[in-house]
Amino acid sequence: MSLEELKQKKILVLGFGKEGKDSYLALRKLFPKKILAIADKLEFKKLPEKTQKLLKFDKKLKLYFGKDYLKSLKNYDLIIKTPGIPFKIIKPFLKKGTKVTSQTEIFFENCPGIIVGITGTKGKGTTCCLIYQILKRGGLKAHLIGNIGKPVFQALLKAKKNDIFVYELSSHQLQNLKKSPQVAVFLNLWPAHLDYYKNFQEYKKAKENITRYQRENNFFIYNAQQKELKEIAKISKAKKIPLKNYSQILKKIGIKKLLLKGKVNLLNIAAAIKVGEIFKIPEEKIKKAIEEFKPLPHRLEFVGKYKGIEFYNDSLATVPQATEFALESLGNRVKTLILGGFDRGGIDFSFLAKKILKSDIKTLIFLSPGTGEKIWQKIIDLKKKNLPKAFFVSSMREAVKEAYQQTKRGEICLLSPASPSFNLFRDYRERGNLFKKFVKYYGSKSK
């Protein structure tokens with residue numbers, strides 16, 4: 001849908017988080033005199049005071065906040081939906097002929113520049129930031145947008161033909177797209193968001209849109225070590241760049257030192273190198289950008305050494321495979337593992353349980369209730385004797401306090417939950433920040 005077509009529609013912005021607010025502000029810039037609407041299940045009085053004043057000041061704005069917010073949808077013929085709201089929830093409230101779209105869809109339909117889209121169950125944020133740094137160092141007009149960067153709608157209003165947009169794309173953002181990025185990167189695919197999708201196949205189908213509509217002169221960079229991604233590559237019309245031997249790709253341009261830890265980051269770096277090559281960035285500039293790149297927060301982040309114990313924050317590990325990679329990366333000095341979280345159902349923890357039993361972990365601290373009970377049961381089913389100690393706690397304060405009591409000097413304590421955060425925390429950021437807060441708090445207290 002073109003920006004001109006938007007002008008003719010009765011528009012409602014559904015969901016007023018970061019993305020919804022950006023949609024509203026961009027629409028107001030485009031159409032200063034048009035009547036717009038916003039709907040969200042949050043009570044209006046719970047919005048920040050500054051936001052309340054902003055919305056009240058707009059006399060051409062209709063607000064639908066609170067539990068009955070979906071009843072307003074029948075009055076509008078275009079809904080700009082926040083990705084996190086499942087279509088199945090809003091479907092019963094739509095009138096016939098109503099179009100549901102998203103920021104991502106509008107951006108893809110109207111962007112005059114080049115889009116570099118990155119998806120995968122894990123590693124998207126790090127790869128996006130690596131690509132962005134490489135392109136900037138190469139002197140290109142690059143912009144970091146989406147979940148990891150700036151909101152996209154207002155960026156679209158300023159977009160020019162020579163702009164390159166590095167766009168982190170979740171399955172939710174990809175789900176209804178009918179256009180793919182000119183350069184697409186697909187890192188990995190594991191079961192996730194199974195409370196949102198009917199099954200893994202539906203999740204996979206949403207992810208496939210990153211390459212489904214690519215053309216012959218586009219590029220598709222993908223992890224060729226994963227069977228599912230090799231299958232997806234078959235539907236792509238783009239020039240295919242398979243990633244197989246990640247270390248060899250790094251070695252080719254002479255990368256020797258890395259601030260990024262873990263084998264999993266070799267894939268992210270290899271993908272970023274290939275994007276740099278597509279845009280003809282000199283090898284020396286690619287090398288420098290990668291060697292100077294610092295890990296992002298909540299991704300195997302080194303918190304510090306306190307009372308002789310090394311603490312790592314891997315709060316973004318929301319699937320078991322991410323925790324398995326974290327254990328591989330840090331090795332046998334991990335003696336205490338904090339894990340467990342929101343139970344979305346349908347996730348198999350068998351391989352993680354085996355990984356834990358093969359490791360030298362002595363203490364497991366589960367954030368409960370949630371998946372911790374399932375993980376522990378898998379471990380018990382595999383082995384009856386000589387098990388790690390297990391503790392079940394209901395707060396991050398308790399978890400970190402217990403970690404200090406159980407972990408010895410010279411050992412590593414790792415937060416890598418293998419699960420989403422929503423059982424006890426607002427999101428993975430709050431979970432990770434609380435971990436860091438209490439690590440430093442108890443680390444500063446005398447015994």
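Where is the place of isoleucine 361? In this model, isoleucine 361 sits in the loop between H15 and E15, and the views below start from that part of the chain. This is a predicted model, in which local features need pLDDT of at least 70, side-chain atom pairs count only at pLDDT 80 or more, and totals for chains, interfaces and linings use all residues. Residues are numbered from 1 along each chain as its sequence is written, and side-chain values use heavy atoms, with hydrogens and water left out.

**View 1. Isoleucine 361 in its loop, between H15 and E15.** Helices (H or I, at least four residues) and strands (E, at least two) are DSSP runs, numbered from the N terminus. Isoleucine 361 has a relative accessible area of 7% and is buried; buried means under 20% relative accessible area, exposed over 50%, and partly exposed in between, with a 1.4 Å probe and protein chains only. From the C-alpha atom of isoleucine 361 to that of lysine 374 the separation is 18 Å, with the two residues 13 apart along the chain.

**View 2. Helix H15, residues 350-358, and its buried residues.** Ser350, Leu352, Ala353 and Ile356 are the buried residues here. Looking down the axis of H15, these buried residues fall within an arc of 165°, so they line one face of the helix. The arc is taken from the directions that run from the helix axis to the C-beta atoms. As a reminder, an α-helix has 3.6 residues a turn, so residues three or four places apart point the same way. Phe351 and Lys358 are exposed on the other side of H15.

**View 3. A cis peptide bond at proline 369.** The bond from serine 368 to proline 369 is cis, and its omega is near 5°. Proline 369 belongs to the loop between strand E15 (363-367) and helix H16 (372-382).

**View 4. Lysine 280, with a positive phi.** Phi is near 60° here, a positive value in a residue other than glycine. Lysine 280 lies in the loop that runs between helix H12 (264-278) and helix H13 (283-291). Its relative accessibility is 72%, so lysine 280 counts as exposed.

**View 5. Alanine 418, with a positive phi.** For alanine 418, phi is near 65°, again positive in a residue other than glycine. The loop in question is the one between strand E17 (412-415) and helix H18 (428-444). Is alanine 418 buried or exposed? Alanine 418 counts as buried, at 2% relative accessibility.

**View 6. Strand E6 and its parallel partners E8 and E9.** Strand E6 spans residues 114-119, and 5 of its 6 residues are buried, so it is largely enclosed by the rest of the structure. Two strands pair if DSSP finds at least two bridges between them. E6 and strand E8 (residues 164-168) run parallel and are joined by 5 bridges, while 4 bridges join E6 to strand E9 (residues 183-186), also in parallel. Take isoleucine 118 as a landmark: glutamate 168 stands opposite it in E8, and valine 185 is its bridge partner in E9.

**View 7. The largest cavity, at about 140 Å³.** On a 1 Å grid over the protein atoms alone, a cavity is a set of points where a 1.4 Å probe fits but cannot get out, and a pocket is an open set with protein on both sides within 12 Å along at least five of seven lines; lining residues have an atom within 4 Å of a point. Grid points are joined across faces, edges and corners, and a volume is the space filled by probe spheres set on the points. The count comes to 1 cavity of 30 Å³ or more. Of its 13 lining residues, Lys81, Thr101, Ser102, His172 and Asn176 lie nearest the centre. Strand E5 (99-101) and helix H8 (171-174) each supply at least two residues of this lining.

**View 8. The second largest pocket, at about 380 Å³.** Its lining holds 17 residues, of which Lys179, Ser180, Gln182, Arg215 and Asn218 lie nearest the centre.

**View 9. Cysteine 111, counted as buried at 12% relative accessibility.** The closest cysteine sulfur, in cysteine 128, is 15 Å from that of cysteine 111, too far for a bond. A disulfide is a pair of cysteine sulfur atoms within 2.5 Å, and the whole structure has 0 disulfides.
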